[in-house]
Amino acid sequence: MALVYKLQSLSSSLSSTHFRKPNSLNPQPICSLHFNSSSNSSPFTEKTSIERYQRDQWLYKNQLDQATLCSVPPDFDSIRQNDIALQLPELRKLLQVLRGKRESEGGCGSGKCGPGNVFLVGTGPGDPELLTLKAYRVIQNADLLLYDRLVSNDVLELVGSGARLLYVGKTAGYHSRTQEEIHELLLSFAEAGANVVRLKGGDPLVFGRGGEEMDFLRQQGIEVNVIPGITAASGIAAVLGIPLTHRGVANSVRFLTGHSRKGGTDPLFVAENAADPDSTLVVYMGLSTLPSLAQKLVHHGLPPNTPAVAVERGTTPQQRMVFAELKDLADEIISAELVSPTLIIIGKVVALSPSWPYSSKEVSCFVEAI
């Protein structure tokens with residue numbers, strides 16, 4: 001297990017806590033990547049942008065003054081390891097502070113402190129007004145929030161002033177923390193008695209690896225509270241006026257992931273069973289695998305002229321979308337230069353959207369014909 005600066009579980013007292021680190025790594029000043037305007041206008045956290053460091057500045061103290069822009073993209077693994085090294089001292093201090101706070105508030109009985117609270121919170125697809133009241137309350141009362149890339153900047157603005165933010169997001173080619181490191185962070189701060197919130201875009205239990213984190217913590221004796229969020233399929237479909245199910249048009253809906261656990265461009269072996277003209281397909285994280293998926297769906301009987309739409313950064317002011325028939329969608333996405341996160345909806349119900357680029361008469365005939 002290639003963990004760097006892995007936080008060890010706090011099973012007894014902080015005096016026994018230690019952090020493992022590679023001896024060869026000497027932390028260097030923050031190096032922020034230079035992105036084009038489309039990345040800078042993103043409603044989400046993009047890799048190692050300086051905005052993320054400013055948001056999490058408590059972790060870096062005086063390092064922000066030394067931040068530089070790299071004209072040549074550096075090695076992402078080196079950035080990741082260096083970033084964790086810079087964060088380590090403040091993470092240890094925060095653990096001590098939270099442990100002391102727990103003891104001073106009388107949260108310990110017979111000399112032992114019970115664990116804190118861990119919340120897996122879904123923040124919806126991006127629009128902060130889609131956040132639930134319960135999620136808002138928990139966010140306001142958190143001590144530490146571990147947030148993913150697809151938690152929108154607008155949602156992060158709602159975090160309480162006394163809370164600490166820690167970015168643990170992943171994107172193609174750059175994982176700020178491995179999944180195992182995220183598990184250890186959650187466990188360490190929970191055992192310190194903190195109110196820990198794990199913020200995830202959409203719903204934490206829909207392609208968000210929330211189940212893995214919940215299972216790990218429960219095996220360690222930590223109770224986990226799950227607060228659902230509006231998953232991207234529901235939020236984006238609503239914005240576009242697409243009913244995911246519709247009597248006489250679609251009698252079921254199916255969520256697919258475009259990612260394979262082992263990677264690759266052709267993980268969608270489920271296409272044979274998913275090629276149902278009376279069902280709606282919603283594909284998460286499917287930009288790279290859509291050409292293969294579309295081909296497989298048509299091969300297994302889905303009409304090539306099935307309506308489809310790809311939506312980039314749905315429900316945010318930066319939302320962009322491409323409507324097309326299934327056979328043309330991959331090419332239209334390339335032409336429009338859509339980027340992640342992009343959600344794909346395939347099915348006759350897409351033609352019911354007011355934005356479908358055909359007349360209502362053509363749509364009616366189309367739906368009846370398929």
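Guide: A residue is called buried when its relative accessible area is under 20%, exposed when that area is over 50%, and partly exposed in between. Please keep in mind throughout that the model before us is predicted.

Visitor: With that cut-off, is tryptophan 356 buried or exposed?

Guide: Tryptophan 356 has a relative accessibility of 7%, and because the cut-off for buried is under 20%, it counts as buried.

Visitor: What fraction of the protein chain is buried, and how many helices and strands does the chain have?

Guide: Of the 370 residues in the protein chain, 51% are buried, and the chain has 12 helices and 16 strands. Among contacts with a separation of 6 or more, 71% are between residues 24 or more positions apart.

Visitor: What is the mean pLDDT of the chain, and where does pLDDT stay under 50?

Guide: The mean pLDDT is 82, with 76% of the residues reaching 70 or more. Residues 1-25 stay under 50, although the model has 59 contacts for them beyond four places in sequence. Residues 32-39 are also below 50, and that stretch has 21 contacts in the model beyond near neighbours in sequence.

Visitor: Let us return to tryptophan 356. How is an aromatic pair described?

Guide: A pair of aromatic rings is described by the distance of the centres and the angle of the planes. The structure holds four aromatic pairs. In one of them, phenylalanine 323 and tryptophan 356 sit 6.0 Å apart, centre to centre, with 75° between the planes, which is an edge-to-face arrangement. This pair links distant parts of the chain, since phenylalanine 323 belongs to strand β15 (residues 320-325) and tryptophan 356 to the loop between β16 (342-346) and α12 (360-369), 33 residues apart. Phenylalanine 323 is buried as well, with a relative accessible area of 15%. Elsewhere, Phe207, Phe255 and Tyr284 form one aromatic cluster.

Visitor: Strand β15 has come up; in what order do the strands of its sheet lie?

Guide: Strands of a sheet pair through backbone hydrogen bonds, either parallel or antiparallel. Here the sheet is open, has five strands in the order β12-β13-β16-β14-β15, and shows mixed pairing. Its edge strands, β12 (252-257) and β15, each pair on one side only, and from one strand to the next the twist averages 15°.

Visitor: Which strands pair with β14, and in what sense?

Guide: Strand β14 (residues 307-312) is joined to β16 by five bridges, and the two run antiparallel. Within this pairing, alanine 310 stands opposite isoleucine 344, while alanine 308 has isoleucine 346 as its bridge partner. The pairing of β14 with β15 is antiparallel too and extends over six bridges; there proline 307 stands opposite glutamate 325.

Visitor: Why is β14 described as largely enclosed by the rest of the structure?

Guide: Six of the six residues of β14 are buried, and so the strand is largely enclosed by the rest of the structure. Both of its faces are covered, with Pro307, Val309 and Val311 buried on one side and Ala308, Ala310 and Glu312 buried on the other. Helix α11 (residues 326-336) lies across β14, β15 and β16, and runs at about 150° to β15.

Visitor: What should I look for in the backbone after that helix?

Guide: Most residues other than glycine have a negative phi, and most peptide bonds are trans. In the loop between α11 and β16 you will find glutamate 337, which has a positive phi of about 55° although it is not a glycine, and which counts as exposed at 60% relative accessibility. Proline 341 lies in the loop between α11 and β16, and the peptide bond leading to it from serine 340 is cis, with omega near 0°. Arginine 209, in the loop between β10 (195-200) and α7 (210-219), has a positive phi of about 60° although it is not a glycine, and with a relative accessible area of 40% it is partly exposed.

Visitor: Is arginine 99 buried or exposed, and what lies 3.2 Å from a polar atom of its side chain?

Guide: Arginine 99, in helix α3 (residues 76-104), is buried at 11% relative accessibility. The backbone oxygen of glutamate 191 lies 3.2 Å from a polar atom of the arginine 99 side chain.

Technical notes
Residues are numbered from 1 along each chain as its sequence is written. This is a predicted model: local features need pLDDT of at least 70, side-chain atom pairs count only at pLDDT 80 or more; totals for chains, interfaces and linings use all residues. Side-chain values use heavy atoms; hydrogens and water are left out. Rings of Phe, Tyr and Trp (its six-membered ring) pair if their centres lie within 6.5 Å; planes under 30 degrees apart count as stacked, over 60 as edge-to-face and the rest as tilted. Helices (H or I, at least four residues) and strands (E, at least two) are DSSP runs, numbered from the N terminus. Buried means under 20% relative accessible area, exposed over 50%, partly exposed in between (1.4 Å probe, protein chains only). pLDDT is the predictor's confidence in each residue, from 0 to 100. Contact means heavy atoms within 4.5 Å. Two strands pair if DSSP finds at least two bridges between them. Axes are lines fitted to C-alpha atoms, for helices over the stretch in contact, and angles run from 0 to 180 degrees between N-to-C directions. A polar contact is a pair of N or O atoms within 3.5 Å; within protein, one must be able to donate a hydrogen and the other to accept it, and residues adjacent in sequence count only if both atoms are side-chain atoms.
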